Amino acid sequence: MGLKQVRDPSRDMARPSPGGTAAIDPLLAVDPELREAARQIMAEPGQPLTLATIAQVRTLWPVPPALEAPTPQPETLRIPGGPGDPEVPLQVIGRTRAGAARPAIVHMHGGGLVSGTAAHSTAFCQMLAAEFDCVVVNVDYRRAPETPYPGPVEDNYAALKWTHENADDLGIDRRRIALMGESAGGGLAAMLALLARDRGEIPVCFQLLIYPMLDDRTGRTHRPAGAIGQVGWSAEANAFGWSAFLGGEAGRGAPPPGSVPARVEDLTRLPATFIGVGAVDLFVDEDMAYARRLVQAGVATELHVAPGAFHAFDFVVPEARVSRAFTAAWKAALAHAFAPA
């Protein structure tokens, strides 16, 4: 019986391009269970993000329906904003009797800093409230470019402060308030953790950052290599989102203090942190770098890099093995953070 020749897939991943450099087929770097979804995403890149198209782009993101009872139902409120700021809309999910002592999550939705609403995360936050027996405060912060930094961060801080001040009425244990967000929401959660540390008013027990958007230089002065950032959220979209948020060209000069987590020098005294990201997500380099700096600063940090996974893969293909492992990792970290001391 002769030996069967096995083709090395790495030979297909690097093909000479007309200019003499290696061209990467991004699909070959994607986990097989995610590959069909990646192919569809790449085939339909969608409307490019610009100031002229942002209003239309916002209408293209469908809002998932809320989960039905007995899952905890959302209660929509408007709370006072910061000094000189408008009221902040938010959802409270899982409120219980006054005097209870349950953990809480202040949640920030994704959307590249320019899109998305709290309603896009309602069902997800309902799941969190039910599974972790916690109260979730889902913040509908203002978005860029209409409201650049620090407006969105101040909205989220107002929500955190309101949650802490009203903990008794909400049935919350003030010692177990965590921050959470995905993508841009993860970046905003990191900004909020930094702001809470610096102001010293409200303790935060944990920050859960799901493929967070942390560095305005990604897509500008820092270009992704190989298959990174080729599926889904792109370098061009990232540069637009950060530029709108900062009110100037992303990746250039010194941004306002606290506006770009990756550029904050002092990361000490931050809460315990989980960072999860896919290996071909545009944010993988900046997220790994941030995790390394947190470790060096003495912050208890867990990093999970999902092999072959693109941006938001766990929402796109939740049943894939790599998605289930990713979700199990962050859920275990959150459960540990919420465990009574």
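**Entry 1: Phe313 and its ring partner**

I looked up Phe313 first, and in this predicted model Phe313 has a relative accessibility of 0%, so I noted Phe313 as buried. Phe326 also stands at 0% relative accessibility and therefore counts as buried. I then turned to ring pairs and found a count of 6 aromatic pairs. In the pair made by Phe313 and Phe326, the ring centres are 4.9 Å apart and the planes meet at 65°, so I entered this pair as edge-to-face, since planes over 60 degrees apart fall under that heading. Phe313 belongs to helix α10 (residues 313-316) whereas Phe326 belongs to helix α11 (residues 321-338), so the pair ties together parts that are 13 residues apart in sequence.

**Entry 2: Trp330, an aromatic cluster and the core**

Staying with rings, I found that Phe124, Phe315 and Trp330 make up one aromatic cluster. I then listed the contacts of Trp330, leaving aside neighbours within four places in sequence, and recorded Phe124, Met127, Leu128, Phe132, Met180, Leu208, Ile210 and Phe274. In the largest nonpolar core, which holds 105 residues, Tyr290 and Trp330 are the residues that touch the most other members. The element that gives the most to this core is helix α7 (residues 184-199), with 10 residues.

**Entry 3: a charge over a ring**

I checked where Arg199 sits, and my note is that Arg199 lies over the face of Tyr157, at 4.6 Å from the ring centre.

**Entry 4: helix α4 and the cysteines**

Helix α4 (residues 122-132) came next, and I recorded this helix as mostly covered, with 8 of its 11 residues buried. The buried residues of α4 include Phe124, Cys125, Leu128 and Phe132, and Phe124, Leu128 and Phe132 are also among the contacts I had listed for Trp330. As background I wrote down that an α-helix has 3.6 residues a turn, so residues three or four places apart point the same way. After α4 comes Asp133, for which I noted a positive phi, near 50°.

Since Cys125 is one of the buried residues of α4, I asked myself how many disulfides the structure holds. The count is 0 disulfides. For Cys125, the closest cysteine sulfur is that of Cys134, at 9.0 Å, which is too far for a bond, because a disulfide needs the two sulfur atoms within 2.5 Å. Seen from Cys134, the closest cysteine sulfur is in Cys125, again at 9.0 Å and too far for a bond. Cys125 is buried at 0% relative accessibility, and Cys134 is buried with a relative accessible area of 0%.

**Entry 5: strands**

I followed strand β4 (residues 88-93), which is mostly covered, with 5 of its 6 residues buried. Strand β3 (residues 74-79) pairs with β4 in the antiparallel sense over 6 bridges, and β4 also pairs with strand β6 (residues 135-139) in the antiparallel sense, over 4 bridges. Leu90 appears in both pairings, since I found Leu90 in β4 as the bridge partner of Leu77 and Val139 in β6 as the bridge partner of Leu90.

For strand β9 (residues 272-278) I recorded 6 of its 7 residues as buried, so that this strand is mostly covered. Strand β8 (residues 206-210) and β9 pair in the parallel sense over 5 bridges, and in this pairing I noted Phe206 opposite Ala272 in β9.

Key:
Residues are numbered from 1 along each chain as its sequence is written. This is a predicted model: local features need pLDDT of at least 70, side-chain atom pairs count only at pLDDT 80 or more; totals for chains, interfaces and linings use all residues. Side-chain values use heavy atoms; hydrogens and water are left out. Rings of Phe, Tyr and Trp (its six-membered ring) pair if their centres lie within 6.5 Å; planes under 30 degrees apart count as stacked, over 60 as edge-to-face and the rest as tilted. Helices (H or I, at least four residues) and strands (E, at least two) are DSSP runs, numbered from the N terminus. Buried means under 20% relative accessible area, exposed over 50%, partly exposed in between (1.4 Å probe, protein chains only). A charge sits over a ring if NZ of Lys or CZ of Arg is within 6 Å of the ring centre and within 35 degrees of the ring normal. A nonpolar core is a set of buried Ala, Val, Leu, Ile, Met, Phe, Trp, Tyr and Cys residues joined through side-chain atoms within 4.5 Å. Contact means heavy atoms within 4.5 Å. Two strands pair if DSSP finds at least two bridges between them.
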